[in-house]
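Reader: I'm in my first year and still getting used to looking at structures. Could you choose one part of this one, go through it slowly with me, and then show me how it fits with everything else?

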Amino acid sequence: MKKFACILLFCFAITSVLNAQNINNIADSILHGRRGLVRDTNVVGGVIGIYYKGETHYYTYGYTAKDKEKKVDNATLFEIGSNTKVFTALLLANEMEKGKVDANNYIDKYIDVNKNISNKVRLVDLATHTSGLPTLHDSASMVEITQLDSTCPYCVVDKKYILSLAKKTDKLNEHGSFEYSNYGFALLGNILTTMNHSSYDKLIKANVFQP
C-alpha cells in the first residue's frame with residue numbers, strides 16, 4: 001500500500017458577500033499566505049473547494065503522495081477522517097430529537113458487552129469521548145489489527161471486529177472523563193445503523209446531507 005503523507009482537504013461554504021476576486025484571494029491566502037500550504041513541509045498536496053452562489057471553485061496544490069508521481073486535482077479522493085465523528089453525533093442527536101432514543105441508555109441495550117463493563121457506558125458517553133473504551137490507534141490496538149492485516153490494518157475494523165471488541169473489553173480507562181476513543185464512535189455508528197436497519201452511508205445521506 002502506498003504511504004500517504006499529510007494531505008489536507010479544505011471545503012468552505014461561503015455565505016457572506018463575495019465576488020470572484022475575493023474568492024481568489026481567500027484561496028491564495030490559504031495556499032501562499034504566511035501559514036499557507038506551500039510553506040508547510042508536512043503537506044504534500046491539498047485541494048480547496050469554495051462553494052458560492054451555486055458555483056464551486058477549485059484550487060489545487062501539490063501531489064497525492066511523496067513520490068510526486070501524480071498531482072492532486074478536483075477529483076482526488078481524501079480520507080474523510082474525523083468529520084465522520086461529527087456526522088455520527090448528528091445522527092444520534094437526530095434520533096434523540098425524534099424521541100426514538102434516550103442518549104442515557106446503556107449500550108448493553110443494543111449490543112453484547114463484557115460483564116465487567118455492563119451498565120456503565122451510555123450512548124452519550126460514546127459521543128463525548130467519555131466512555132473509557134479503548135482507541136484503535138494506540139500501540140496495543142495497532143499491534144492487534146496489524147497482525148490481522150499488516151498491509152491495511154484498518155481494513156479489518158468491520159462490524160464483526162467492532163462488536164467483538166465490546167465483548168473483550170473488561171476495563172474502562174478514566175470512565176466519565178475525556179479520553180479520546182475513535183473506537184467509541186465506530187461503536188456508536190454501528191449501534192445507530194442496527195437500530196435503523198440501514199447502512200451508515202444511507203443514514204448520513206438521508207439525515208445529514210439531504211436536509
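Author: Let's take a close look at helix α2 and then work outwards from there.

Keep in mind that this is a predicted model. For orientation, the protein chain contains 7 helices and 3 strands. Starting at the N terminus, the order of elements is β-α-β-β-α-α-α-α-α-α. Along the principal axes, the C-alpha atoms fill a box of roughly 60 × 40 × 30 Å. The chain has 211 residues, and 36% of them are buried.

Now to α2, which covers residues 83-97. Here's a nice check you can do by hand. With 15 residues at 1.5 Å a residue, α2 should span 21 Å, and its end C-alpha atoms are indeed 21 Å apart, so the two agree. (You multiply by one less than the number of residues.)

Which residues of α2 are buried? They are K85, F87, T88, L91, L92, N94 and E95. As you look at how those are spaced, remember a general point: an α-helix has 3.6 residues a turn, so residues three or four places apart point the same way. And what do the buried residues of α2 pack against? Their partners are α3, α6 and α7, where α6 runs over 182-196 and α7 over 200-209.

T88 makes a good example, as it sits in α2. Why does T88 count as buried? Its relative accessibility is 3%, and anything under 20% is called buried. Leaving out residues up to four places away in sequence, T88 touches F185, L188, G189, L192 and Y200.

That brings us to the core. Generally speaking, nonpolar side chains in soluble globular proteins tend to be buried together. Here, the largest nonpolar core has 30 residues, and I107, L126, L133, Y183 and L187 have the most contacts inside it. Our helix α2 is among the elements that give two or more residues to this core, along with α3, α5 (159-168), α6 and α7. The biggest giver is α6, with 6 residues.

Follow the chain past the end of α2 and you meet G99, which has a positive phi of about 75°. A little further on, in the loop that leads from α2 to α3 (123-127), you find N105. Is N105 buried or exposed? With a relative accessible area of 15%, N105 is buried. Its side chain makes a polar contact with the side chain of Y110, at 2.8 Å. Beyond its neighbours within four places in sequence, N105 is in contact with Y110, V121, R122 and L123. Now compare I107, one of the well-connected core residues: with the same kind of neighbours left aside, I107 is in contact with V113, V121, R122, L123, L126, L187 and I191.

There's also a second, separate core of 10 residues, and L31, L37, I48 and Y52 are among them. I48 and Y52 fall within strand β2 (residues 43-52), where 9 of the 10 residues are buried, so β2 is largely enclosed by the rest of the structure. β2 pairs with β3 (residues 55-62) in the antiparallel sense, over 8 bridges. To find one facing pair, look for I50, which stands opposite H57 of β3. Just 2 residues separate the strands in this hairpin, and K53, in the turn, has a positive phi of about 50°.

For contrast with our buried residues, try N22 in helix α1 (residues 20-32). N22 has a relative accessible area of 29%, so it counts as partly exposed. N22 lies 180 residues from K202 in sequence, and their C-alpha atoms are 36 Å apart in space.

Finally, the chain has 1 disulfide. It joins C152 and C155, whose sulfur atoms are 1.9 Å apart, and the link is right-handed, with 60° about the S-S bond.

One last number ties in with what you saw around α2. Of the contacts in the protein chain with a separation of 6 or more, 59% are between residues 24 or more positions apart.

Notes:
Residues numbered from 1 in each chain as written. Predicted model: local features only at pLDDT ≥ 70, side-chain atom pairs only at ≥ 80, totals over all residues. Heavy atoms only, no water. Helix = DSSP H or I, 4+ residues; strand = E, 2+ residues; numbered from the N terminus. Buried < 20%, exposed > 50% of the residue type's maximum accessible area, 1.4 Å probe, protein only. Polar contact = N/O pair within 3.5 Å; in protein donor to acceptor, adjacent residues only side chain to side chain. Contact = heavy atoms within 4.5 Å. Disulfide = S-S within 2.5 Å. Core = buried A, V, L, I, M, F, W, Y, C linked by side-chain atoms within 4.5 Å. Pairing = 2+ DSSP bridges.
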